[in-house]
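Here is a walk through the charged pairs, the greasy surface and the aromatic rings of one protein chain. Have the model open while you read.

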Amino acid sequence: MSLLRGHNTADTEAFQCEQDCGREIDGLCSFLGLSPSPEEKERVRASVTFDSMKQNKMTNYTTIKTLNHTVSPFMRKGEVGDWKNHFTVAQNEQFDEDYKQKMKNTDLKFRFEI
């Protein structure tokens with residue numbers, strides 16, 4: 001989890017939760033000033049797994065009618081780095097260059113693989 005300097009916000013990534021979900025939940029609870037029981041933390045942990053969110057209509061976007069899930073579901077496999085199987089080398093290089101240009105003035109950091 002990282003706290004954005006000068007802002008009352010916290011962010012976490014799916015990668016971070018996959019690596020140590022308990023730590024991420026504890027960090028968010030601390031940020032929010034919450035002291036949940038171990039049972040509540042376990043309920044949260046179970047609810048934020050990829051498989052759980054993929055089945056949940058509140059998180060899988062199946063209620064959004066403008067998305068055609070028969071063509072491509074919003075939540076596909078939940079495999080870190082699977083994007084490599086869909087980009088050509090040229091597409092990846094183009095993305096990297098575009099990303100560097102558009103993100104050069106931010107201190108936000110994103111990881112694309114573990």
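A patch here is built from residues with over 30% relative accessible area and no salt bridge, and nonpolar side chains are joined into one patch within 5 Å. Keep in mind that this is a predicted model.

**The nonpolar patch**

With that rule in hand, look at Phe87, Phe95, Leu108, Phe110 and Phe112: together they make a nonpolar patch on the surface, with about 420 Å² of accessible area. Phe95 sits in helix α4. At 31% relative accessibility, Phe95 is partly exposed, and a patch member needs over 30%, so Phe95 clears that cut-off. Phe87 is partly exposed as well, at 37% relative accessibility.

**Aromatic rings**

A pair of aromatic rings is described by the distance of the centres and the angle of the planes. How many aromatic pairs does the count come to? The count is three aromatic pairs.

Take Tyr61 and Phe74: their ring centres are 4.1 Å apart and the planes make an angle of 45 degrees, a tilted pair. Both residues lie in the loop between α3 (50-55) and α4, so this pair ties together parts of the chain that are 13 residues apart in sequence. Tyr61 is partly exposed at 38% relative accessibility, and Phe74 is partly exposed too, at 46%.

Now back to two members of the patch. The rings of Phe87 and Phe95 have centres 6.2 Å apart, and since their planes meet at 65 degrees, the pair is edge-to-face. Add Tyr99 and you have one aromatic cluster, made of Phe87, Phe95 and Tyr99. Phe87 and Phe95 thus turn up in the surface patch and also in this cluster.

**Salt bridges**

Side chains of opposite charge can pair when their charged atoms come close. The structure holds five salt bridges. Three of the pairs are laid out here, with the closest N to O distance and the relative accessible area of each partner.

| Acidic partner | Basic partner | N to O distance |
|---|---|---|
| Asp26, 39% | Lys41, 27% | 2.7 Å |
| Glu42, 39% | Arg45, 33% | 2.7 Å |
| Asp98, 37% | Lys102, 61% | 3.4 Å |

Which parts of the chain does the pair of Asp26 and Lys41 link? Asp26 belongs to helix α1 (residues 14-32) and Lys41 to helix α2 (residues 38-47), so the bridge links distant parts of the chain, with the two positions 15 residues apart in numbering. Asp26 is partly exposed, and so is Lys41.

The pair of Glu42 and Arg45 stays inside helix α2: the two are three residues apart, which means a separation of about one helical turn. Glu42 counts as partly exposed, and Arg45 does too.

Helix α4 (residues 89-102) has a pair of its own, Asp98 with Lys102, four residues apart and again separated by about one helical turn. Is Lys102 buried or exposed? Lys102 is exposed, with a relative accessible area of 61%, whereas its partner Asp98 is partly exposed.

Finally, have a look at Asp20, Arg23 and Glu24, which are linked in a network of salt bridges.

**Putting helix α4 together**

Helix α4 is a good place to zoom in. Phe95 lies in this helix and is part of the nonpolar patch, while Asp98 and Lys102, also in helix α4, meet in a salt bridge.

Definitions and conventions: Residues are numbered from 1 along each chain as its sequence is written. This is a predicted model: local features need pLDDT of at least 70, side-chain atom pairs count only at pLDDT 80 or more; totals for chains, interfaces and linings use all residues. Side-chain values use heavy atoms; hydrogens and water are left out. A salt bridge is a side-chain nitrogen of Lys or Arg within 4 Å of a carboxyl oxygen of Asp or Glu. Buried means under 20% relative accessible area, exposed over 50%, partly exposed in between (1.4 Å probe, protein chains only). Patches are made of residues with over 30% relative accessible area and no salt bridge: like charges are joined within 9 Å, nonpolar side chains (Val, Leu, Ile, Met, Phe, Trp, Tyr) within 5 Å. Accessible areas come from the Shrake-Rupley method with a 1.4 Å probe; for residues, only the protein chains shown count as cover. Rings of Phe, Tyr and Trp (its six-membered ring) pair if their centres lie within 6.5 Å; planes under 30 degrees apart count as stacked, over 60 as edge-to-face and the rest as tilted.
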